Amino acid sequence: MRELLLCPPDYYGIEYEINPWMSVAHAAEAPVVQQQWKQLHATLSKLDCKVHLVTPQPGLPDMVFTANAGLTVGRKFIPSNFRHKERAGEQPFFAEWMKQHGYEVSWLPENLYFEGEGDALFGSDVLFCGYKFRSDIQSHGAIAEMLGCLAVSVELVDARFYHLDTCFCPLPDGGAFWFPNAFDEYGQRAIREHVTDLIDVAPAEAMHFSCNAVVIEGDIVLPQGAPRLVITLQERGYRCHELPMSEFIKAGGACKCLTMFMPQRERLDERSIGAME
Amino acid sequence: MFSETIQLRGHIIDSLILPKVLDQILTHGANFKITEINIGKKRADQSFARIEVSAETGEALDELILRLRQQGAEVLERANAQIAAASADGVFPPDFYVTTNQQTFVRIDGKEIEVQPAMMDSAIAVDRKRGTARAVKFFDVRKGDEIVIGHQGVRVVPVQRATTGTDVFQFINTIVDADEPKSAIIRELAGELYRAHAAKGKIAVVVGPAIVRTGAGQHLVRLIESRYVDRLFAGNSFAAYDVERALFGTSLGMNPDLAFARGGRENLIRAVNAIRQAGGIASAVEKKILTSGIMHACVHHNIDIVLTGSIRDEGPIPGVTTDAIEAQKMMRKKLADVTHALLLANIQHSLAVASMLAPTVKTVCVDIDPSAVERAVGHQPLQSIGLVTDVEPFLRELADRLAS
């Protein structure tokens, strides 16, 4: 059974602008926020997942996006170093919660920005890491060193897709769906070299945060608005759960941003550390 | 070239960061040299590369480095140059760095500064406030000036040898000996000077009395008239012999048009006196006292004449700079924009000029003495040609090719 960390949206709101989606003029509607988040919580709970909740904190509206808390592999938790001061206050609460729940907290050097699972996703045996808008590429080397795995760094070039999890979603069969234009040509090539079965998401569907999906074995929880992608995934045997996410997309987040895996990987595959083929 | 050394580490091969960084360097018009690379053997092993990045200007390099930092490049900190104060006017501190004529940079307070001008056998004086570094001679240095000592923080960028095309200067230390054919190389040289002239290059000639005495003066005049000479460097005696030839038909009493003629120094002294009386070479031309010869052609075509003296000089002719330090300063000034230098049958002045040339100046040395040619060519090992020959046939053939 997968374990997930979520944070109730009690203090969620658009209080500052740190990505192109955010506009303090377009506030999230509180009742709808609650409704959409509860629906996500209920959907994930039904999928043979154990959902943990971290206590939300006043003054930290984005704490609801737990994917950015850090990266968990086995019992090791690497907390994020947020780039924006608006979110830096979340770090101690997440770290403390993880520590209290028996995870070993491994800190990155303070000068390296890293925004957790938002920019670090395992696909088959490789940890794909996004950089430029939020995470520094130097943090990837440090994480690879801490975990002893292969980290493929890919440069994000479209500010609307500022985290890797907004444009890339690995699947358990070794494939992934992604929005290629969010990456520079080297990033695209690096992903193509390591992921053989790639599903391109159309620009219009990518804009609905379709790649920001939570994959639990054969189930995919994703925002509404990507009918073509859903058909493609269903053809491959996945069950898709489409959820309304409008109020969270106002802050540049959706299903995956609201969820952190504990852990994302139980242990590292032999292949990710072993000899080159 | 300005340069910095960067380091990349991590999964730079799988992430294609190494090729991306190298591509970015090239697309910015900069160059790289991978000085160290270590590729991980296992999948999880990280790789490492140390790369020297060089660009034409400091600004271009800074901008590029800023972009490369985004790709995870760390800039390797280099040591600053060490500095000591000059203890007295005209005296460098012990262990001062002695310059070459190659492009040189010093690192001061973490930033590389180009030493201006590129001048050999000098020290480097640093002005931290202005962020400048200049090559200084003994006479330039004042007590308390900050002078670079030791080799730390000093970087020399040698001129790269041309590797493309059929440039006659592409071979290292080319010396054509007395018993080797010269026509082909003179033809190539003529082509080079033709292109230099067309490209508004500046051609300097350094000339010795043998040119006048062998009767080669008329060929030099043809080159001057065809505008292949922008600046003429010589000693007092060259000017005196040329004037003697113009006024009396002799040089050092010898008539080049007569076989086995021998003469004395009387005409030479009279010629010098005539110019002194006229108030200088230009006045003599103006007053139509001097109506032919090389000096006349230079004045007539408005070509810079740089005459410097020596102990043996008679007169000297007005306009000859006899103060050695002043002469050095003037020569340096007049050589600053020169692109080509012909050093012809005048070893003393040729060596002086060669030591002041920028390393990019293409140099031809012609002398009948092989050791003189070797010494002059040695100053510009990558951009010079030497011909061991009497200067008269050389100038005749060159003028025939260029001035006809």
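## Close-up views of a predicted two-chain model

**Figure 1. Strands β7 and β9 of chain B run side by side.** In chain B, strand β7 (residues 111-116) and strand β9 (residues 132-136) pair in the parallel sense, and two bridges link them. To find your bearings, look for Q116(B), which faces R134(B) in β9(B). Please keep in mind for this and every other view that the model is predicted.

**Figure 2. The seven-stranded sheet of chain B.** Stepping back a little, we meet an open sheet of seven strands in chain B, ordered β5-β10-β8-β9-β7-β6-β11, with mixed pairing. Which strands stand at the edges? They are β5 (82-85) and β11 (154-157) of chain B; each has a single partner strand, so one side of each is left without a neighbour in the sheet. On average, and with direction ignored, neighbouring strands of this sheet are turned by 35 degrees against each other. A reminder for anyone tracing side chains: in a regular strand they alternate between the two faces of the sheet.

**Figure 3. Strand β8 of chain B and its two partners.** Strand β8 (residues 123-127) of chain B is mostly covered, with four of its five residues buried. Towards β9(B), β8(B) runs antiparallel and is joined by five bridges. The two strands form a hairpin with four residues between them, and in the turn you will find G131(B) with a positive phi of about 70 degrees. Towards strand β10 (residues 146-149) of chain B, β8(B) is also antiparallel, here with two bridges. V126(B) is a handy residue to centre on: in β9(B) it stands opposite A133(B), and in β10(B) its bridge partner is E146(B).

**Figure 4. Helices α6 and α7 of chain B cross.** The axes of α6(B) and helix α7 (residues 266-278) of chain B lie 8 Å apart, and the helices pack at an angle of about 95 degrees. Are they roughly parallel or roughly perpendicular? Angles of 65 to 115 degrees count as roughly perpendicular, and α6(B) and α7(B) are therefore roughly perpendicular to each other. From α6(B), the contact takes in A240(B), V243(B), E244(B), L247(B) and F248(B), while α7(B) supplies N267(B), L268(B), A271(B), V272(B), A274(B) and I275(B). By type, the residues of this contact divide into nine nonpolar, one polar and one charged.

**Figure 5. The largest nonpolar core.** This core has 202 residues, and the ones with the most contacts inside it are C211(A), V106(B) and I124(B). Helix α6 (residues 236-248) of chain B gives the largest share, six residues. For a closer look on the chain A side, pick C211(A): leaving aside neighbours within four places in sequence, its contacts are T166(A), C167(A), F168(A), C169(A), F177(A), W178(A), F179(A), V201(A) and A206(A).

**Figure 6. Where chain B touches chain A.** How many residues of chain B are in contact with chain A? There are 15, and they meet 21 residues of chain A. On the chain B side, the elements that give two or more residues are β1 (2-10) and α1 (17-27). The chain B residues of this side divide into three nonpolar, seven polar and five charged.

**Figure 7. E4(B), a charged residue in strand β1.** E4(B) sits in strand β1 of chain B. Is E4(B) buried or exposed? The threshold for buried is 20 or more C-beta neighbours within 10 Å; E4(B) has 21 inside 10 Å and therefore counts as buried. Apart from residues up to four places away in sequence, E4(B) touches V53(B), L61(B), I65(B) and V75(B). Also worth finding in this view is F32(B), 28 residues away from E4(B) along the chain, with the two C-alpha atoms separated by 9.7 Å.

**Figure 8. Q39(A) in helix α1 of chain A.** Q39(A) belongs to helix α1 (residues 30-46) of chain A. Because Q39(A) has 15 C-beta neighbours inside 10 Å, this residue counts as partly exposed. Although their positions lie 204 residues apart along the chain, the C-alpha atoms of Q39(A) and L243(A) are separated by 7.5 Å.

**Figure 9. The two chains as a whole.** Chain A has nine helices and 15 strands, and chain B has 13 helices and 18 strands. Of the 277 residues of chain A, 49% count as buried; of the 404 residues of chain B, 41% do.

Definitions and conventions:
Residues numbered from 1 in each chain as written. Chains lettered and ligands numbered in written order. Predicted model: local features only at pLDDT ≥ 70, side-chain atom pairs only at ≥ 80, totals over all residues. Contact = placed C-beta atoms within 7 Å. Nonpolar A, V, L, I, M, F, W, Y, C, P; charged D, E, K, R; others polar. Buried ≥ 20, exposed ≤ 12 C-beta atoms within 10 Å, placed from the backbone. Pairing = 2+ DSSP bridges. Axes fitted to C-alpha atoms, helices over the stretch in contact; angles between N-to-C directions. Core = buried A, V, L, I, M, F, W, Y, C linked by C-beta atoms within 7 Å. Parallel < 35°, antiparallel > 145°, perpendicular 65-115°, else oblique.
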